[in-house]
Amino acid sequence: MSRKKVALYIRKSREGDNGKEETLHSQQQTLINICESRGYEDYDIYSEVESSIKYDRPELLKLMKGIEQGKYSKLLITHIDRLGREIGLLDDLKKLCISSDVIIETPDTTINFQDDNHDLMYGFSSVLADFEYKRIRHRLATGKVNTVEIRHKWIGSTAPYGYKYDKSLKILVPDEETLPTYRMFVQLALEGHSFSEISDKINSLGISTRNNKRWTAGRIQKILKNRTYLGEAVYNSTRLGRNVTATDCHEPLITPEEFETIQKLSASRRNYRSSRDFGGKTKTPLDSLVYCGVCKKKMSIQISKKYSQARGHWHFYQARRCIHIDAETGVRCPNAGCKIDIIEEVVLHRLEDYKKRLLVKLQSLRNNDTSSAEADITQKLEVLNSDVKRNETRLKRLTDLYLDAMMEKDEYESRRKELMSNMDSIKSEISYLENKRSNLNVDHLEDKYEEILGMIDSYPEMPLEEKNKVMRLLVDRIELTKEGTRGEPHFEIWLMDDNI
Ligand SMILES: [Zn+2]
């Protein structure tokens with residue numbers, strides 16, 4: 001059955017809109033011109049002058065009858081409001097267009113109801129009452145929430161750097177071109193470089209953003225804090241008052257351990273270059289890590305120069321006595337300062353203890369053989385993947401049947417829907433198992449622990465800058481409490497990864 005015919009609908013309201021309304025003739029001419037320019041040769045014209053009786057639109061009803069009979073593939077109007085403003089009628093027309101696959105066209109818009117695109121729906125909203133519009137928007141928001149929450153799919157306008165959007169699979173996939181640069185960000189951040197150091201480095205390599213711009217610390221920060229790289233998808237709907245997050249939506253480009261380490265590193269210090277940091281030299285291994293145990297503010301590190309008969313001139317670095325003043329009471333913090341050497345010794349002692357725990361953990365990781373569990377999952381995955389292939393073949397056969405007119409549309413649609421939902425559940429099972437399998441693989445944890453052990457062992461031989469980097473990588477915060485110059489110092493030390 002050929003459905004090449006186009007329906008043209010023109011209408012003039014009784015009063016006219018301030019006399020500016022197009023006449024029936026000019027509307028008709030506009031639509032005929034469109035038919036010519038778009039190559040629609042076969043068309044019917046429905047023309048009516050709205051009578052004073054409400055809802056009396058005989059031509060529109062005739063047109064709808066024609067649509068119902070499957071005569072038309074398109075409905076052409078000069079403007080969407082030609083269809084009128086009666087919600088009941090519009091709703092009926094919309095349902096008809098959906099069930100009969102009719103596309104509405106105007107000189108500048110196309111409304112295809114099969115396409116769940118909200119911009120197109122927006123065009124239709126101009127003639128829909130506010131509540132109807134809200135209902136549609138609500139449904140679309142619900143659809144997006146479901147896309148993320150139930151179907152585990154990322155939604156967004158631009159794929160994050162390092163990914164590209166696969167339109168047919170409707171998921172993010174790694175982008176071979178930008179992925180290596182993204183991984184470079186991760187590696188540099190894990191090595192303790194600040195966001196600005198990373199952007200400098202990448203710019204110096206001549207690598208620019210996808211829009212050919214220079215990298216900035218802010219851009220790098222945004223990327224390294226984006227959870228999409230963990231395989232997650234997020235959708236915040238203010239309309240529904242819901243924030244949804246889904247995991248396993250696409251291939252992750254960063255491990256959870258790497259992500260967490262980078263967040264801790266960046267939270268523990270300023271990652272933007274401050275004026276003081278700029279060109280500032282590392283003074284001690286504990287720069288930026290010492291805080292006041294009384295008022296919790298950061299303590300400054302300064303050089304102290306001394307002279308004595310016995311030793312002559314000598315100097316040392318110290319965490320300077322706290323100078324912060326309580327905003328409410330106006331009283332200066334009473335905490336005293338301490339030599340950095342003393343603090344460093346305590347921290348190193350603590351790291352030795354940490355090292356012992358790491359070694360135990362590493363040993364248990366190596367003993368814990370996960371190979372049989374892994375093989376089990378791999379076998380399940382093979383079965384599921386062949387299920388996917390079988391379903392794809394079925395789908396293709398089904399489409400062939402329909403295209404060869406061996407099957408009615410209704411039956412085709414319902415069987416296709418069934419196959420698709422079947423496929424969706426198989427695919428989500430696959431991504432669940434793949435994720436489970438990659439979590440069984442502890443190689444990356446072993447690597448990480450070995451790296452930390454190596455750092456602690458070679459610390460004594462490192463130059464000052466390196467020592468500071470290692471400290472910043474391993475230590476989150478050191479709090480110093482000391483009563484008066486002669487008092488005994490007390491330390492509280494938080495390590496970055498203390499739960500080992
Ligand atoms: Zn203080």
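Which residues are exposed on the other side of α2? The answer comes from a predicted model, and it starts with the buried side of that helix. Helix α2 spans residues 58-68, and its buried residues are L60, L63, M64 and I67. These residues cover an arc of only 100° around the axis, so they sit on the same side of α2. The general geometry of helices fits this pattern. An α-helix has 3.6 residues a turn, so residues three or four places apart point the same way. On the other side of α2, the exposed residues are P58, K65 and E68. After the helix comes G70. The phi of G70 is positive, near 80°.

The protein as a whole can now be outlined. Its secondary structure comprises 14 helices and 15 strands. Of its 500 residues, 19% are buried. Among contacts with a separation of 6 or more, 63% are between residues 24 or more positions apart.

A helix pair comes next. Two packed helices are described by the angle between their axes and the distance between the axes. Helix α7 covers residues 195-204, and helix α8 covers residues 217-224. They pack at an angle of about 110°. Their axes are 8 Å apart. Angles of 65 to 115 degrees count as roughly perpendicular, and α7 and α8 are therefore roughly perpendicular to each other. On the α7 side, the contact is made by F195, S196, I198 and S199. Their counterparts in α8 are A217, I220 and Q221. The residues of this contact divide into four nonpolar and three polar, with no charged residue.

Two open sheets were examined. Strands of a sheet pair through backbone hydrogen bonds, either parallel or antiparallel. One open sheet has three strands in the order β10-β14-β15, and its pairing is mixed. The edge strands are β10 (290-292) and β15 (490-495), each of which pairs on one side only. Neighbouring strands of this sheet are turned by 25° against each other on average, direction ignored.

The mixed pairing can be followed strand by strand. Strand β14 covers residues 475-481 and runs parallel to β10, joined by three bridges. Here Y291 has E479 in β14 as its bridge partner. β14 and β15 run antiparallel, and six bridges join them. E479 also has a bridge partner in β15, namely E492. A helix accompanies this sheet. Helix α10 (residues 340-367) lies across β10, β14 and β15. It runs at about 45° to β15.

The other open sheet also has three strands, in the order β11-β12-β13. Its pairing is antiparallel. β11 (301-308) and β13 (338-339) stand at the edges. Each has a single partner strand, so one side of each is left without a neighbour in the sheet. Strand β12 covers residues 312-319. Eight bridges pair β12 with β11 in the antiparallel sense. One of the bridge partnerships links K305 with H315 in β12.

Key
Residues numbered from 1 in each chain as written. Predicted model: local features only at pLDDT ≥ 70, side-chain atom pairs only at ≥ 80, totals over all residues. Axes fitted to C-alpha atoms, helices over the stretch in contact; angles between N-to-C directions. Helix = DSSP H or I, 4+ residues; strand = E, 2+ residues; numbered from the N terminus. Parallel < 35°, antiparallel > 145°, perpendicular 65-115°, else oblique. Contact = placed C-beta atoms within 7 Å. Nonpolar A, V, L, I, M, F, W, Y, C, P; charged D, E, K, R; others polar. Pairing = 2+ DSSP bridges. Buried ≥ 20, exposed ≤ 12 C-beta atoms within 10 Å, placed from the backbone. Arc of directions from axis to C-beta.
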